[in-house]
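Hi,

Here is the structure I promised to send over. Have a look at it first, and then read on for what turned up inside.

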Amino acid sequence: MSARTPPEEILPARSQPLVLPRLSSNVKFFSAAIFIYASAIIVATLALNPYFAQTWDVQTFIHAAREITDGNPFDLYAQSRAAQTWPYAYPPLHALVVALALFIGDALRAPIGVPDFVWARVPPLVADISVAFALYEIVRRKSGEAMLGRAAFLLWLFNPLTFYDTAAQGHFEAEWIFFVLLAYARSESGRGLILPAIALAMAVLFKQVAILFAVPVWLTLSLRGAVFAPKQSPSSSSTEIASHKPLAMTRVLLSILIFALITGAVSLPFLLYSGDYVFMNTTYVEQVPVQTQSWLVGILGLTRAAPDALTTDFFLIRDSTMITLAAAAIISFIAARRGWSLFLTGALIALAFFLLSRKVMGYYYVMLLPFLLAEFLPRRRFDLFLIAMIASAFIALSPYYAAWTDHAHWWAYALLGVVTSMFFAWLLWQTADSRPLNAADGSRITNYELRITNSSNPRPVVWASLSLFAAAFFAAMLQPLLNSAASPIRAPIVAPGTENIATVAFGALIALTLGASALIARGTRAGSAMPRAAFVIPLLFAPLAFAVFTLTKETTAIFEMVLKALGV
């Protein structure tokens with residue numbers, strides 16, 4: 001096996017199974033972080049209510065939950081399809097947990113009076129905290145440093161993408177991400193087969209996209225047993241591989257069987273009641289129009305049959321779901337062959353999804369962060385995580401192509417999309433290239449080790465994340481000053497008569513962002529580890545946050561107004 005990596009370097013360590021951390025020694029840290037995060041999300045949700053919380057997907061989730069509690073639960077998908085105004089196109093688990101949250105909210109309505117749009121965010125908020133604990137434990141175990149575990153805890157909760165996903169959009173990416181992390185951590189420990197299968201089933205029952213992240217578990221389980229089996233001597237190598245292959249395939253089939261039994265048991269009542277379950281979870285999803293910021297907008301503009309068509313028969317768009325799934329399988333196969341960790345594989349799959357899916361909304365980008373945190377923090381690759389987090393935060397709030405844009409401007413969105421896709425392609429390459437190399441090439445491994453020591457201090461990364469989170473939070477808190485009832489996708493940018501208030505609010509946001517960034521730098525003791533020019537980062541993000549959270553305007557609408565003002 002001289003041409004391959006020694007088994008002990010590629011097989012997962014037989015560590016203890018993933019458990020929640022002992023809170024006795026960290027109770028102050030965890031309690032304070034959870035209290036601040038939960039308070040920030042709830043208060044920001046109340047401030048943003050006139051725009052985000054009463055429209056878009058939150059109302060869909062509330063409708064779906066009410067259908068479960070007040071109507072026939074199994075009629076959920078038929079009612080959603082017929083109503084059209086609240087298309088619930090997800091598996092049933094999120095509707096069920098929101099229904100539980102609303103049930104509790106109804107019971108407590110008299111004493112505390114918290115509205116439904118806040119209770120609908122309780123499951124995602126709990127999931128956010130659960131992901132933070134999982135990342136703490138994963139990073140602490142992989143690195144042997146509790147400090148890095150705490151950094152992962154903070155970087156997940158207090159970043160602008162998580163804020164946007166939970167407080168603004170009320171989405172639930174963290175619910176399925178938690179179970180994927182649980183499956184990966186258990187699989188990487190080399191212990192157990194049942195728990196990862198159960199966790200993956202739970203993830204997919206929250207959101208279909210999780211199936212992409214189940215693929216590497218099964219391929220790794222099969223290929224590591226067949227290809228990376230320990231060899232005692234050259235003469236016994238072929239026999240030993242043959243003996244491991246049936247065992248590996250048996251384990252894969254058993255895992256898939258457990259997964260299928262659980263997803264089937266939950267889905268069967270809905271399937272038997274109505275074919276709308278299949279339609280909303282598959283056909284409806286496959287028929288969604290192009291709504292993204294990627295190179296695919298250019299493909300759409302060049303191949304569609306009509307100038308305002310939002311889809312095309314060109315295979316890259318027509319078959320984007322299957323192409324993305326195939327890409328996940330290819331990445332998983334390469335990762336399993338080379339002994340990459342499941343967390344690294346998950347990060348690469350997320351990046352492939354951004355590049356190949358025809359619908360990538362701003363709240364999708366948060367799915368990349370947990371896998372990068374779990375992979376890069378233990379190896380002290382803070383530089384690459386910092387770049388990914390900052391760039392994704394800007395991209396999530398920046399203009400994207402949608403049904404309500406001026407379709408004559410498709411080329412402008414295509415140019416934006418090409419730039420974004422070039423960044424994600426570069427990030428994918430860098431993420432894959434940052435792995436410890438398997439080849440017996442000592443010089444390359446040494447270069448890798450030398451390269452990563454250049455970014456050995458996590459404090460600047462924590463500072464940047466907290467500062468961007470603060471900018472988004474303050475922008476949301478200033479929203480009631482304007483309280484605009486204007487459409488988020490139509491002119492004007494600032495409602496008539498509120499220009500002076502908007503100017504004052506913008507100045508206040510800049511001052512608050514700068515002040516918070518300075519206090520965070522002092523509190524994290526990051527000031528000595530970064531240049532003063534770093535303060536430009538939150539100041540550049542503040543106008544974007546102001547447009548989205550304070551003015552409650554889609555940046556796409558602002559982009560359209562700018563193009564028209566320029567006579568384009």
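To start with the inside: which residues in the largest nonpolar core touch the most other members? They are Trp-156, Phe-163, Trp-176, Phe-213 and Phe-549, in a core of 143 residues. There is also a second, separate core, with 25 residues, including Val-58, Tyr-77, Leu-102 and Phe-270. As general background, nonpolar side chains tend to be buried together in soluble globular proteins. Do keep in mind that this is a predicted model, so please read everything here as computed from it.

Next, the open space. The largest pocket comes out at about 1,500 Å³. Its lining is made up of 48 residues, and if you want to find the centre on screen, look for Ala-89, Val-285, Val-288, Lys-359 and Tyr-364, which lie nearest to it. Six helices give two or more residues each to this lining: H3 (57-70), H12 (194-206), H13 (211-226), H14 (237-273), H15 (276-286) and H18 (320-338). Of the elements, H15 gives the most, with seven residues. As for chemistry, the pocket lining has 27 nonpolar residues, 15 polar ones and six charged ones.

Then there is the enclosed space. How many cavities of 30 Å³ or more does the structure hold? There are three, and I'll go through two of them.

The largest cavity holds about 160 Å³ of space. It is lined by 20 residues, with Tyr-164, Ala-396, Ser-398, Tyr-400 and Glu-554 closest to the centre. Helix H2 (27-53) and helix H21 (382-397) are the elements that give two or more residues to this lining. H21 has the largest share, at three residues. By class, the lining of the largest cavity splits into 12 nonpolar, six polar and two charged residues.

The second largest cavity has a volume of about 40 Å³. You can pick out its whole lining by selecting Leu-482, Ser-484, Ile-493, Val-494, Ala-495, Thr-498 and Leu-551. Five of those count as nonpolar and two as polar, with no charged residues in this lining.

If you only have a minute, I'd colour H15 and look at the pocket, where H15 gives seven residues to the lining. After that, try Tyr-164 and Glu-554, both among the residues closest to the centre of the largest cavity.

Happy to go through any of it with you.

Cheers

Technical notes:
Residues numbered from 1 in each chain as written. Predicted model: local features only at pLDDT ≥ 70, side-chain atom pairs only at ≥ 80, totals over all residues. Heavy atoms only, no water. 1 Å grid on protein atoms, 1.4 Å probe; cavity = no way out; pocket = protein on both sides within 12 Å on 5 of 7 lines; lining within 4 Å. Points joined across faces, edges and corners; volume = space filled by probe spheres on them. Helix = DSSP H or I, 4+ residues; strand = E, 2+ residues; numbered from the N terminus. Nonpolar A, V, L, I, M, F, W, Y, C, P; charged D, E, K, R; others polar. Core = buried A, V, L, I, M, F, W, Y, C linked by side-chain atoms within 4.5 Å. Buried < 20%, exposed > 50% of the residue type's maximum accessible area, 1.4 Å probe, protein only.
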